[in-house]
Amino acid sequence: MLAIIQAAGWPIYFLIVASVIALALILERVVALRRSKIVPVGLVDKIIGDLRQGGITDELVLRVANHSPLGRVLAAGLKNAKASRDVMKESIEEAGGAVAHELGRFLTTLGTISTVTPLMGLFGTVIGMIEIFGSTSPGGTNPQQLAHGISVALYNTGFGLIIAIPSLIAYRHFRAQVDDFVVEMEQQAIKLVEVLHGERR
């Protein structure tokens with residue numbers, strides 16, 4: 001591995017840093033965006049059961065808010081349960097927007113890495129091409145410099161693509177996952193609103 005890095009030249013170090021950051025972000029998002037942690041099953045039904053037993057209390061609202069991201073959205077509705085349906089829905093939408101922003105954390109960085117790393121690889125390719133042209137002189141071609149220039153060009157292009165492809169796949173996957181969570185939270189919140197306003201049992 002060290003021999004490959006040396007053959008790839010100094011532009012490869014930027015790609016190595018980008019690969020470490022991308023891997024860290026992917027692992028962090030895999031852990032953070034677990035369905036059981038974001039939209040736990042049965043939370044709304046449990047809240048409805050608690051409401052029927054003891055009504056809306058500050059302790060219930062706090063417990064729901066601290067439960068999960070879905071809980072934060074539902075807690076916003078519970079806080080405004082005595083207000084009109086429109087006010088309640090507006091408070092839920094505001095909380096949902098904040099939660100959606102939090103769920104999308106680091107995805108912009110991951111998307112940027114997937115876009116930039118091929119360009120960084122191209123930059124390394126240009127550096128390699130410069131070395132290739134520099135190996136030619138009136139006295140002939142320097143084989144060692146020519147080989148190094150080719151190595152720099154090819155390794156950087158390859159490394160750039162190796163980093164960009166998984167990063168782009170992960171970015172698209174996590175973005176779709178966040179969108180699915182947001183839709184599911186909206187559906188759960190609507191169910192709670194309808195129960196609180198006597199439109200659903």
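Read from one end of the sequence to the other, the chain runs α-α-α-α-α-α-α-α-β-β-α. That makes nine helices and two strands, where helices (H or I, at least four residues) and strands (E, at least two) are DSSP runs numbered from the N terminus. The model you are looking at is predicted, and local features need a pLDDT of at least 70, side-chain atom pairs count only at pLDDT 80 or more, and totals for chains, interfaces and linings use all residues. Residues are numbered from 1 along each chain as its sequence is written, and side-chain values use heavy atoms, with hydrogens and water left out.

Let's begin with the overall shape. The C-alpha trace spans about 90 × 30 × 20 Å along its principal axes. The radius of gyration of the chain is 26 Å, well over the 17 Å that the globule rule gives for 201 residues, so the chain is more spread out than a compact globule. Here the radius of gyration is taken over C-alpha atoms, and the globule rule is 2.2 Å times the number of residues to the power 0.38. Of the 201 residues in the chain, 38% are buried. Buried means under 20% relative accessible area, exposed means over 50%, and partly exposed lies in between (1.4 Å probe, protein chains only).

Two pairs of residues give you a feel for distances in this fold. Gln144 sits in helix H9 and is exposed, with a relative accessible area of 68%. Its C-alpha atom is 63 Å from that of Val73, and the two residues are 71 apart along the chain. Gly121, in helix H8, is buried at 1% relative accessibility. The C-alpha atoms of Gly121 and Val152 are separated by 9.5 Å, with their positions 31 residues apart along the chain.

Next, the charged contacts. The structure holds eight salt bridges, each being a side-chain nitrogen of Lys or Arg within 4 Å of a carboxyl oxygen of Asp or Glu. One of them joins Lys191 and Asp45, whose closest N and O atoms are 2.8 Å apart. This pair links distant parts of the chain, with Lys191 in helix H9 (residues 143-196) and Asp45 in helix H4 (residues 43-54), 146 residues apart. Asp45 is partly exposed, with a relative accessible area of 48%.

Helix H4 also takes part in another bridge. Asp50 pairs with Arg63, with the closest N and O atoms 3.5 Å apart. Because Asp50 lies in helix H4 and Arg63 in helix H5 (residues 58-65), the pair ties together parts that are 13 residues apart in sequence. Arg63 is partly exposed, at 35% relative accessibility. The side chain of Arg63 also meets that of Glu59 in a salt bridge (3.2 Å, N to O). Glu59 and Arg63 both lie in helix H5, four residues apart, about one turn of the helix. Salt bridges that share partners join Lys46, Asp50, Glu59 and Arg63 into one network.

The surface has patches to look for as well. Patches are made of residues with over 30% relative accessible area and no salt bridge, with like charges joined within 9 Å and nonpolar side chains (Val, Leu, Ile, Met, Phe, Trp, Tyr) within 5 Å. Lys and Arg count as positive and Asp and Glu as negative, while His and the chain ends are not counted. The place of a charge is taken as NZ of Lys, CZ of Arg, CG of Asp or CD of Glu.

Asp86, Glu90, Glu93, Glu94 and Glu186 form a negative patch. Helix H7 (residues 85-103) supplies the largest share of this patch, four residues. Glu90 is in helix H7 and is partly exposed, with a relative accessible area of 46%.

A nonpolar patch is formed by Trp10, Tyr13, Phe14 and Phe123, which together have about 470 Å² of accessible area. Accessible areas come from the Shrake-Rupley method with a 1.4 Å probe, and for residues only the protein chains shown count as cover. Phe123 is in helix H8 and is partly exposed, with a relative accessible area of 39%.

Finally, have a look at the backbone at Phe106. This residue has a positive phi of about 75 degrees although it is not a glycine. Phe106 lies in the loop between H7 and helix H8 (107-134), and at 34% relative accessibility Phe106 counts as partly exposed.
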